[in-house]
Amino acid sequence: MKSLEELKKIRQEAKKRVVLRENREGIRIVVGMATCGISAGARPVLMTLLEETKKRNLEDVTVNQTGCIGICRLEPIVEVYKPGEEKVTYVDMNEEKARNVIAEHIVNGNVIYDYTIGAYED
Amino acid sequence: MDIYRSHVIICGGTGCTSSNSDKIEEKMINNIKDKNLDKEVKVVRTGCFGLCEAGPIVVVYPEGAFYSHVKLKDVDEIVNEHLLKGRIVERLLYKEAFSEGKLKSVNEIDFYKKQRRIVLDNCGVINPEDIDEYIAYDGYMALGKVLTEMRPLDVINEIKKSGLRGRGGGGFLTGRKWELTYNANSDIKYVICNADEGDPGAFMDRSILEGDPHAVIEAMAIAAYAVGANNGYVYIRAEYPIAVRRLQIAIDQAKEKGLLGENIFETGFNFHLEIRLGAGAFVCGEETALISSIEGKRGMPNNKPPYPSDKGLWNKSSLINNVETFANIPKIILKGSDWFREIGTEKSPGTKVFALGGKIKNTGLVEIPMGTTLREVIYDIGGGIPNNKEFKAVQTGGPSGGCLTADLIETPIDFESLSTFGSMMGSGGMIIMDEDNCMVDIARFFIDFTVDESCGKCTPCREGTKRMLEILEKITKGKGELEDIDNLESLANTIKQASLCGLGQTAPNPVLSTLKYFREEYEAHVIDRTCPTGTCKDLLSFYITDECKGCTKCSKACPVDAIEGKVKQKHIIDRDKCIKCGECISQCPFDAIIKK
């Protein structure tokens, strides 16, 4: 160990690996991962969401999975919970859509209405 | 860097490991691999969570689902349901961690609510075998700060200002000890960590070393810088294999990162740390005996003065602190002495870790601010006494401590209050006793321990404890006389005053404090020849009451054929044959067998 700076650098990198274990108030992204979700391709969507949040250092974003959301025909489903805002439900997701959700909705704050359950039902 | 969406934390403390948490970890890792989840889910083995009663404990993040009493066969369900499909396995959740369909965070559980975890902060959170996880939680920042920004005297003053007192039992001011060592005229100095925890039922230091070994290493390096030492030893008992292994891994990792060794942080400061294994002699927890043992001699105490700060290891000035004391140091350096003083009481700042055991619902490891009352620890954190029994007494300080009775339950826990009432803080064992515990038998148990552990160097301890044990055994066998009680008391006082080291000086405490608060129990044994709690076998007999339905279960269970009787007729115990093993009582469906 040469300097305090070097230690701080290690801390910064290491912090990313353990931040999951803390109670955080932040954005939650949940992927429906019951049998229906998995067979419709939810896992690549989940992995993309994870990769994107890590790549962009979105430390206050938790990506997690949940059980069947109930509209199996619209799987893969991704729900976004932002504190103080209404839940947004995206349906019929794929990897590309997942990347767009992170960029547009999570980072820029604009809901992509085309992907939402409301738009689909139209 | 791998990315994980979920961390599965498995308790790797000694308690959970002995209930198979190591096999649970292995199976979990295999199952996760089978389901192709090994790129998404990380399994981490941590130190003790403290709630040993609920072990083995598994916590799944980010949800923070707190699973308790996890068995090997439950692993499939956790992997298939929770990790694969995201459905929390409600059946396995710790009952308090789940209410009205909602998960509660770990901190909201009663057991943790009144605790203040400073020393145990990282236990149950980080992987103790991974230095990066320690660094993630500000590990080694205090050492960096000390080496690059502070002079040795600044460090000592900060510790002095914090008011931190030795957690090994005596309660001596840590900063003062550091100052004495700093001022000592010695060409070489040593820093020693006393990890020879020997009290029956105590596992605080063990759990700290198992859960957060780097905290102790970092603190020892800080201490070495402050007092002017370049070498250190951790004296730990060989009976703590997990702690020894993790400590060695931690030392190796710290060396590799250049946090131990030569020229740390390029400041010219060198510090080398080694482990010395003890063979488990209780007396080696006494600092002069511990030093003799490190030197390769027989572990026996020496007269003080000279104190180790003047002439310690190999006659060189040495600083000895206990594990828990060291574990406080990095936090005090980083957050400041004012922060530390805000916790606890005026004269006993900070927190204390206790190993809660005996007749208590939540057996385990708790850390509380000093000044918390015994009631809060026993009822709010410990969950009270099981089976609706009456609380009788609490024993603190192990074989050196004493008992506090039910009417002292509002006593705040700090160094002064406990010794005022004839007990002591000790290293932190806390054994709860209920109405079924015989206090004479408790005293006998502790003296039996001391007789075994007395090193034999001085006569009062070697001979005196042996005679005390003889008297106590005589009383518990129903052969005691009234004058035995007086002899016991005067003998105890003599041993206390005349013994060479702390072991002998405190050994009579269990006798003296039980005599003080429970003299009538001693008298019942001697005058009435009865044991009021039915503990002392020689003083009681087994009887079958009229409740007996003649089911014959007891006579079948009796290992010495002491019970006779025909089917559907009341049975009778032959008291000459009966060995009072109690097997019949546990078999009887009608509670028809009593002992009195």
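Does Thr325(B) count as buried or exposed, and at what relative accessibility? In this predicted model, Thr325(B) has a relative accessibility of 1% and therefore counts as buried, the cut-off for that class being under 20%. The residue belongs to helix H13 of chain B, which comprises residues 323-335. Apart from residues up to four places away in sequence, Thr325(B) touches Leu164(B), Gly166(B), Arg167(B), Gly168(B) and Thr174(B).

Further along chain B, helix H19 covers residues 482-498. Its 17 residues should span 24 Å at 1.5 Å a residue, and the separation of 25 Å between its end C-alpha atoms agrees with this expectation. Within H19(B), the residues Asp484(B), Ile485(B), Leu488(B), Ala492(B) and Ile495(B) are buried. These residues lie on the same side of H19(B), because the arc they cover around the axis is only 100 degrees. Glu483(B) and Gln497(B), on the other side of H19(B), are exposed. The partners against which the buried residues of H19(B) pack are four helices of chain B: H18 (459-476), H20 (502-506), H21 (509-517) and H22 (519-528).

Two of these partners, H21(B) and H22(B), were also examined as a pair. Packed helices are described by the distance and the angle between their axes. The axes of H21(B) and H22(B) come within 5 Å, with a crossing angle of roughly 90 degrees. H21(B) is therefore roughly perpendicular to H22(B), a description that applies to angles of 65 to 115 degrees. On the H21(B) side, Val511(B), Thr514(B), Leu515(B) and Tyr517(B) make the contact, and on the H22(B) side Arg519(B), Glu520(B) and Tyr522(B) do so. By character, the residues of this contact comprise four nonpolar, one polar and two charged.

Chain A contains 122 residues, of which 47% are buried. Its secondary structure consists of five helices and four strands, arranged along the sequence in the pattern α-β-α-α-β-β-β-α-α. The C-alpha trace of chain A extends about 60 × 30 × 25 Å along its principal axes. Among the contacts in chain A with a separation of 6 or more, 63% involve residues 24 or more positions apart.

Ile71(A) is located in the loop that runs between strand S2 (61-66) and strand S3 (78-81) of chain A. With a relative accessibility of 24%, Ile71(A) counts as partly exposed. Beyond its neighbours within four places in sequence, Ile71(A) is in contact with Ile77(A) and Ile117(A). Ile71(A) and Cys36(A) are 35 residues apart along the chain, and their C-alpha atoms are separated by 9.3 Å.

Backbone geometry was considered next. Most residues other than glycine have a negative phi, and most peptide bonds are trans. Asp92(A), although not a glycine, has a positive phi of about 50 degrees. This residue occupies the loop between strand S4 (88-90) and helix H4 (95-107) of chain A, and its relative accessible area of 34% makes it partly exposed. Asn36(B), likewise not a glycine, shows a positive phi of about 60 degrees. Asn36(B) is placed in the loop between helix H2 (21-34) and strand S2 (41-46) of chain B and, at 60% relative accessibility, counts as exposed.

Cis peptide bonds occur in chain B between Lys304(B) and Pro305(B), with omega about -5 degrees, and between Pro305(B) and Pro306(B), with omega near 5 degrees. Pro305(B) lies in the loop connecting helix H12 (287-294) with strand S11 (317-322) of chain B, and Pro306(B) is likewise found in the loop between H12 and S11.

Technical notes: Residues numbered from 1 in each chain as written. Chains lettered and ligands numbered in written order. Predicted model: local features only at pLDDT ≥ 70, side-chain atom pairs only at ≥ 80, totals over all residues. Heavy atoms only, no water. Helix = DSSP H or I, 4+ residues; strand = E, 2+ residues; numbered from the N terminus. Expected span 1.5 Å × (residues − 1). Buried < 20%, exposed > 50% of the residue type's maximum accessible area, 1.4 Å probe, protein only. Arc of directions from axis to C-beta. Contact = heavy atoms within 4.5 Å. Axes fitted to C-alpha atoms, helices over the stretch in contact; angles between N-to-C directions. Parallel < 35°, antiparallel > 145°, perpendicular 65-115°, else oblique. Nonpolar A, V, L, I, M, F, W, Y, C, P; charged D, E, K, R; others polar.
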